[in-house]
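User: I should like to learn how to read individual features of a protein model. Could we work through a case together, with the general idea stated before each example?

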Amino acid sequence: MSYIAKPKVSHPKSPRNKLGLTERDYEGAVSTLCAGCGHDSITAAIIQAVFELGIEPHMLAKMSGIGCSSKTPAYFVSQAHGFNSVHGRMASVTTGANAANRDLTYIGVSGDGDSLSIGMGQFAHVIRRNLNMCYVIENNGVYGLTKGQYSASADVGSIAKKAAPNRQMPIDPVSTAIGLGATYIARSFSGDKHQLVPLIKGALMHEGFALLDVISPCVTFNDNEGSTKSYAHTRKHFHHVIDADFIPPSDEIVAAYNEGESMPVKLHDGSKIVFRKLDKDYDPTSRAAAFSFLRDSIHKGEIITGLLYIDEGVGDMHSDAGTVATPLSKLSYDELNPGAGELAKLMGRYR
């Protein structure tokens, strides 16, 4: 795979974040994806999100598996850490990296095939462990790298180019994540940057596992009439339940919202997500209500977008395991070595 570096040129009056960096400083290589691919729109949203959050590039870890989606990390934050793992194994590699260095901000970019087919077992267990990461699924319903076969997220009756209608039931990553216990669940559309950017920011700052399922049409194999993952179908059928805005703790914009029109949720770092409710009866803190609402919407043929569920009362993998606050990668050998006596006691449990 070849990458073309972007020229490091920016306007002298370009906006800068709290680190003094511009958006250009968060870019990566030139994309080699098809022109018009929704994945590139997601890349642009990620760049804007990490720029506005002021994340230090060297404190970001970009993880991926195999597929068109897994090329995405090459296209943003070139100065970040990165690991392109084997097919379907991004979750376990991220778990190992997070276990060694909890100080980094982890963002994993996967696809519907990478996560819901070969990687389904990995996907389930990274949710179960509530790993502190932002997990983005670029969902297009096909295997783009292998010429457009249906993936596990293709809807019944959906028609890809040069293929018979799909007859197998799809796996919905959002409903699956609700059932498995994920603590931040959202869905968006690659063509809706206004909604997507704050959802990414909220996912990055959430303590625990954050899933963001993004409908991202494949313009080469699955953007035709009859496809339920096309631009036309998504724009026609997507339905906002909650528009989310991300409010940094130092920003007093939160005071501008009228009482009764917003629902602020405080994140662990002190930041807030403010929800503007389009449906006053919808409660994003109820797992049962979220699951029921999603199933009803699927039967109606609606694509529900927005922040669908959030739970901040559950600890992440490190708090559950009782690990030390210092990243393991920064501990000395003497601190990591329990000694012969403790090792003997540990091994004695298995005899």
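User: Which exposed residues does the face of H8 turned away from its buried side carry?

Analyst: This is a predicted model. An α-helix has 3.6 residues a turn, so positions three or four places apart point the same way. In H8, the face turned away from the buried side carries the exposed residues Ala288 and His299. The buried residues of H8 are Ala290, Phe293, Leu294 and Ser297. Viewed down the axis of H8, the buried residues fall within an arc of 100°, so they line one face of the helix.

User: How many residues does H8 have, and what is its reach from first C-alpha to last?

Analyst: Helix H8 covers residues 287-300, which is 14 residues, and reaches 20 Å from its first C-alpha to its last. That reach is close to the 20 Å expected at 1.5 Å a residue. After H8 comes Gly301, with a positive phi near 80°.

User: What span should helix H6 have at 1.5 Å a residue, and how far apart are its end C-alpha atoms?

Analyst: Helix H6 (residues 193-205) has 13 residues and should span 18 Å at 1.5 Å a residue; its end C-alpha atoms are 18 Å apart, which agrees. As for burial, H6 is mostly covered, with 10 of its 13 residues buried. Among them are Gln195, Leu196, Leu199 and Lys201.

User: Which residues does Ser188 touch, leaving aside those up to four places away in sequence?

Analyst: Ser188 belongs to strand S9 (residues 184-189). With a relative accessibility of 0%, Ser188 counts as buried. Beyond four places in sequence, Ser188 touches Gln195, Leu196, Leu199, Leu212, Asp213, Val214, Ile215 and Thr305. Of these partners, Gln195, Leu196 and Leu199 are among the buried residues of H6.

User: Lys201 is listed as buried although it has a charged side chain. With which residue does Lys201 form a salt bridge?

Analyst: The general idea is brief. Side chains of opposite charge can pair when their charged atoms come close. Here Lys201 forms a salt bridge with Glu52, and the closest N and O atoms are 2.8 Å apart. Lys201 lies in helix H6 and Glu52 in helix H1 (residues 38-53), so the pair ties together parts that are 149 residues apart in sequence. The two partners may also be read by exposure: Lys201 is buried, at a relative accessible area of 8%, whereas Glu52 is partly exposed, at 38%.

User: How many salt bridges does the structure hold?

Analyst: The structure holds 6 salt bridges. One of them joins Asp103 to Lys330, with the closest N and O atoms 3.3 Å apart. This pair links distant parts of the chain, 227 residues apart: Asp103 is in the loop between helix H2 (90-100) and strand S5 (105-111), and Lys330 in the loop between helix H9 (317-321) and helix H10 (333-336). Asp103 counts as partly exposed at 37% relative accessibility, and Lys330 as exposed at 53%.

User: Which residues are joined into one network by salt bridges that share partners?

Analyst: Begin with a single pair. Asp172 forms a salt bridge with Arg187, the closest N and O atoms being 2.4 Å apart. Asp172 is in the loop between strand S8 (149-150) and helix H5 (173-180), and Arg187 is in strand S9, 15 residues apart. Both partners count as buried: Asp172 at 15% relative accessibility, and Arg187 at 8%. Salt bridges that share partners join Asp172, Arg187 and Asp213 into one network.

User: Turning to the surface, which residues make the nonpolar patch of about 420 Å²?

Analyst: The patch is made by Leu343, Leu346, Met347 and Tyr350. Tyr350 sits in the segment after helix H11 (340-348), and is exposed, with a relative accessible area of 66%.

User: Finally, how should the whole chain be summarised?

Analyst: The chain has 11 helices and 14 strands. Of its 351 residues, 48% are buried. The accessible surface comes to about 16500 Å², and 55% of it belongs to carbon and sulfur atoms. Among contacts between residues at least 6 apart in sequence, 70% join residues at least 24 apart.

Methods. Residues numbered from 1 in each chain as written. Heavy atoms only, no water. Patch = residues over 30% accessible without salt bridge, like charges linked within 9 Å, V, L, I, M, F, W, Y side chains within 5 Å. Areas by Shrake-Rupley, 256 points an atom, 1.4 Å probe, with all protein chains shown as cover. Salt bridge = Lys/Arg side-chain N within 4 Å of Asp/Glu carboxyl O. Helix = DSSP H or I, 4+ residues; strand = E, 2+ residues; numbered from the N terminus. Buried < 20%, exposed > 50% of the residue type's maximum accessible area, 1.4 Å probe, protein only. Contact = heavy atoms within 4.5 Å. Expected span 1.5 Å × (residues − 1). Arc of directions from axis to C-beta.
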